[in-house]
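Please look through the sequence and the model shown below. The paragraphs that follow go through salt bridges, a sheet and the contacts with RNA.

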Amino acid sequence: MNIFAEFHARIAALLQKMGAEGRLPASLDMARFVVEPPREASLGDLACNAAMVFAKEVKASFSNPRQLAIELAAALSEMPDVDQAEVAGPGFLNIRLKIEVYADILRAILREGQNYGRGASGRFKATKVNVEYVSANPTGPMHVGHGRGAVFGDALANLLEFAGSQVTREYYINDAGAQVDVLARSAYLRYLEALGEAVTVPEGLYPGDYLKPVGAALVAKFGESLRGKAEGEWLAPVRAFAIEAMMDMIRDDLAALNITHEVFFSERSLHDTSNGPSDVATAIEDLRQKGLIYEGRLPPPKGQLPEDWEDREQTLFRSTRFGDDVDRPLRKSDGAFTYFASDIAYHSKKIAAGYDVLVDVWGADHGGYVKRMSAAVAALSDGKVALDVKLCQLVKLMRDGEPVKMSKRSGDFVTLREVVDEVGVDAARFMMIYRKNDAPLEFDLAKVIEQSKDNPVFYVQYAHARAHSVLRQALAVFPGLDVSPARLAEADLALLDDENEWALIKLLAQYPRVVESAASAHEPHRLAFYLHDVASFFHSHWNRGKDQPQLRFVNQDRRDLTCARLALVTGLMNVLASGLSVLGVKAPEEMR
RNA sequence: GGCCCCGUAGCUCAGCCGGAUAGAGCAACUGCCUUCUAAGCAGUAGGUCGCAGGUUCGAAUCCUGCCGGGGUCGCCA
């Protein structure tokens with residue numbers, strides 16, 4: 001039950017009725033106006049800007065927006081659940097609901113449990129959506145930056161699913177470029193090492209110790225059979241083996257963050273020609289049919305010219321037709337396809353799979369790539385499929401306010417796994433979502449495990465634990481009390497007599513709207529901030545009980561009032577647990 | 001130099017496809033609590049929303065141009 005969406009629909013119906021009566025234009029775009037919580041709670045429960053938004057369209061029938069607002073207010077005032085509807089300022093419509101509406105909402109929360117807030121509501125349109133995230137190169141362990149994209153993508157996928165979309169979580173394995181050959185050579189070196197040879201890792205190969213077990217595993221599988229062979233003979237098998245080993249490691253690291261992808265898509269498979277033309281060739285042919293491929297020259301890049309720049313004619317995709325800055329090459333000078341060509345084929349496969357929306361989560365260093373990819377998706381899908389690229393900024397790893405040194409030299413850097421092992425999944429996940437994706441993130445290893453109100457992870461989890469603690473306490477005072485949600489929903493909520501109790505319920509009533517807006521904006525951090533707000537309000541109300549014992553949730557002299565308050569606490573617990581689960585963070589029953 | 005992201009209180013950041021007097025936490029200042037409902041509480045102060053224009057009933061939000069920070073700039077992924 002989304003009260004904001006509900007009233008948006010009612011007001012839209014009123015406007016349509018006026019349209020049918022010829023007093024307004026018949027085709028107003030109802031998506032243009034909003035029903036939202038007013039800035040000041042004292043103004044009411046709902047605020048609507050419809051009259052002002054349609055100021056131009058209503059000029060013929062109304063002398064000013066206020067007049068339309070007044071008429072809407074009059075109609076709304078007639079509705080049984082509306083206490084008061086009035087017009088403020090230039091035409092704001094402020095609506096105050098009868099208190100029973102919120103009692104109903106609380107009962108709905110208790111009844112629906114973890115389904116409260118689930119499903120498409122309001123503006124969010126449920127679609128078939130593909131979220132591609134992580135896609136770290138299979139050449140080594142993931143670092144903290146990968147972790148941010150991983151957590152962001154996973155939380156977004158959860159959020160979209162919760163909001164009603166059909167979601168596929170996907171990982172694109174870059175297993176086709178030169179870097180996996182480097183991986184293979186590096187692993188081969190460790191293979192020789194495992195056979196007893198003394199090796200030093202030359203410049204240009206991956207030096208990390210993590211390849212030593214791979215070397216040993218190669219010995220276990222191939223024995224000495226690869227020793228002394230030409231590279232052409234061992235490269236492919238070693239490469240395949242090493243990539244598989246790296247992917248196993250990456251999957252383990254992701255599992256430690258509670259992240260599981262449904263699809264792992266191999267870039268290499270796009271180049272497979274065993275069943276006719278490769279997917280890359282097919283995708284480019286598709287674009288050629290659309291007249292978007294040509295042979296031509298590009299102007300040299302501005303600024304610092306690459307050393308090996310040569311002016312040559314090449315195969316280009318006309319991405320400028322879709323808003324890109326220059327047309328983009330599809331073949332390297334050696335004739336092989338560029339990475340971009342693979343990516344075109346990859347997205348073409350996703351489009352063919354019938355997704356309405358594609359989300360790519362990338363590191364901020366790939367920002368320059370967004371326009372060409374959007375152009376490609378627009379071209380391939382004839383503008384029917386939307387691509388939203390979410391760029392995640394860097395993570396600055398700190399400890400007690402001091403930056404943690406991360407030298408990439410000698411492969412000695414802080415891995416994602418080390419961080420997760422140190423602070424735990426919950427802290428890692430919550431902190432990485434508790435920031436907009438395109439803002440840099442400071443991640444302080446000491447602060448995220450601190451048990452204080454300054455630590456948002458703890459603060460929100462503790463609110464949930466505290467709610468459970470209240471229930472435990474109630475059971476101690478009233479042994480055998482039935483505190484199941486179903487039973488509490490029957491409590492006499494009219495006994496709730498403190499305005500903050502109702503304010504808390506109103507905050508819980510916003511949950512579906514928060515889900516809707518966070519999902520449609522692809523911004524899971526909004527949910528994290530909302531949960532922090534809810535926790536904050538709850539803690540603050542709980543603390544009032546210190547000075548004013550009559551406000552405490554458990555009142556041993558008044559079983560009926562206690563039950564009403566437990567209904568509130570349980571509803572709150574429900575929303576916190578639901579939101580945390582969407583973010584992939586545990587909702588503990590106690591903090592010990 | 002082109003393109004992308006960022007610029008909001010001393011610090012770290014929110015501000016929901018334009019909406020009402022721009023918010024929170026930390027730090028600062030002032031009280032309270034010292035034991036109950038376990039990890040303090042309440043309050044005060046603090047902003048030219050980088051700058052300058054523009055769009056309109058109305059701009060932190062949209063547009064243009066600057067300034068500052070970061071990223072990126074045929075064949076790497």
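Which class of exposure does Arg487 fall into, given its relative accessibility? Arg487 counts as partly exposed, because its relative accessibility is 43% and the partly exposed class runs between 20% and 50%. The model is a predicted one, and the values discussed here are computed from it.

Arg487 is a convenient starting point for the salt bridges. Its partner is Glu490, and the closest N and O atoms of this pair are 2.5 Å apart. Glu490 has a relative accessibility of 58% and therefore counts as exposed, the cut-off for that class being over 50%. In general terms, side chains of opposite charge can pair when their charged atoms come close.

A second pair consists of Glu523 and Arg526, whose side chains meet in a salt bridge with an N to O distance of 2.9 Å. Here the acidic partner is buried: Glu523 has a relative accessible area of 18%, and the class requires a value under 20%. Arg526, at 32% relative accessibility, is partly exposed.

A third pair joins Asp560 to Arg558, with 4.0 Å between the closest N and O atoms. Asp560 has a relative accessible area of 40% and is partly exposed. Arg558 is likewise put among the partly exposed residues, at 33% relative accessibility. Elsewhere, Asp154, Glu161, Arg169, Glu262 and Arg429 are linked into one network by salt bridges that share partners. The structure holds 38 salt bridges, including the three pairs described here.

The next topic is a sheet. Five strands form an open sheet in the order S7-S6-S5-S11-S12, and their pairing is parallel. Why do strand S7 (263–266) and strand S12 (386–392) each have one side without a neighbour in the sheet? Both stand at the edges and each has a single partner strand, so one side of each is left without a neighbour. On average, neighbouring strands of this sheet are turned by 25 degrees against each other, with direction ignored. At the S7 edge, strand S6 (residues 166–173) runs parallel to S7 and is joined to S7 by four bridges. Within this part of the sheet, Tyr172 stands opposite Phe265 in S7.

The remaining part concerns RNA strand B. Which residues come nearest to RNA strand B? Of the 60 residues around the strand, these are Arg39, Tyr462, Arg466, Trp542 and Arg552. By residue class, the surface near RNA strand B divides into 21 nonpolar, 17 polar and 22 charged residues.

Several helices and one strand each supply at least two residues of this surface: helix H2 (50–53), strand S4 (92–97), helix H6 (178–194), helix H14 (456–477), helix H17 (511–520) and helix H18 (525–547). H18 gives the most, with eight residues.

On the RNA side, 57% of the atoms of strand B within 4 Å of the protein belong to sugar or phosphate, and the rest belong to bases. Individual polar contacts involve both parts of the RNA. For the bases, an N or O atom in the side chain of Gln314 is 3.2 Å from a base nitrogen of RNA strand B. For the backbone of the RNA, a polar side-chain atom of Lys546 lies 3.1 Å from a sugar or linking oxygen of the strand. Asp438 takes part through its own backbone, with a polar backbone atom 3.5 Å from a sugar or linking oxygen of RNA strand B.

Technical notes. Residues are numbered from 1 along each chain as its sequence is written. Chains are lettered from A and ligands numbered from 1 in the order in which they are written. This is a predicted model: local features need pLDDT of at least 70, side-chain atom pairs count only at pLDDT 80 or more; totals for chains, interfaces and linings use all residues. Side-chain values use heavy atoms; hydrogens and water are left out. A residue is near a molecule or strand if one of its heavy atoms lies within 4 Å of it. A polar contact is a pair of N or O atoms within 3.5 Å; within protein, one must be able to donate a hydrogen and the other to accept it, and residues adjacent in sequence count only if both atoms are side-chain atoms. Ala, Val, Leu, Ile, Met, Phe, Trp, Tyr, Cys and Pro count as nonpolar, Asp, Glu, Lys and Arg as charged, and the others, Gly among them, as polar. Buried means under 20% relative accessible area, exposed over 50%, partly exposed in between (1.4 Å probe, protein chains only). Two strands pair if DSSP finds at least two bridges between them. Axes are lines fitted to C-alpha atoms, for helices over the stretch in contact, and angles run from 0 to 180 degrees between N-to-C directions.
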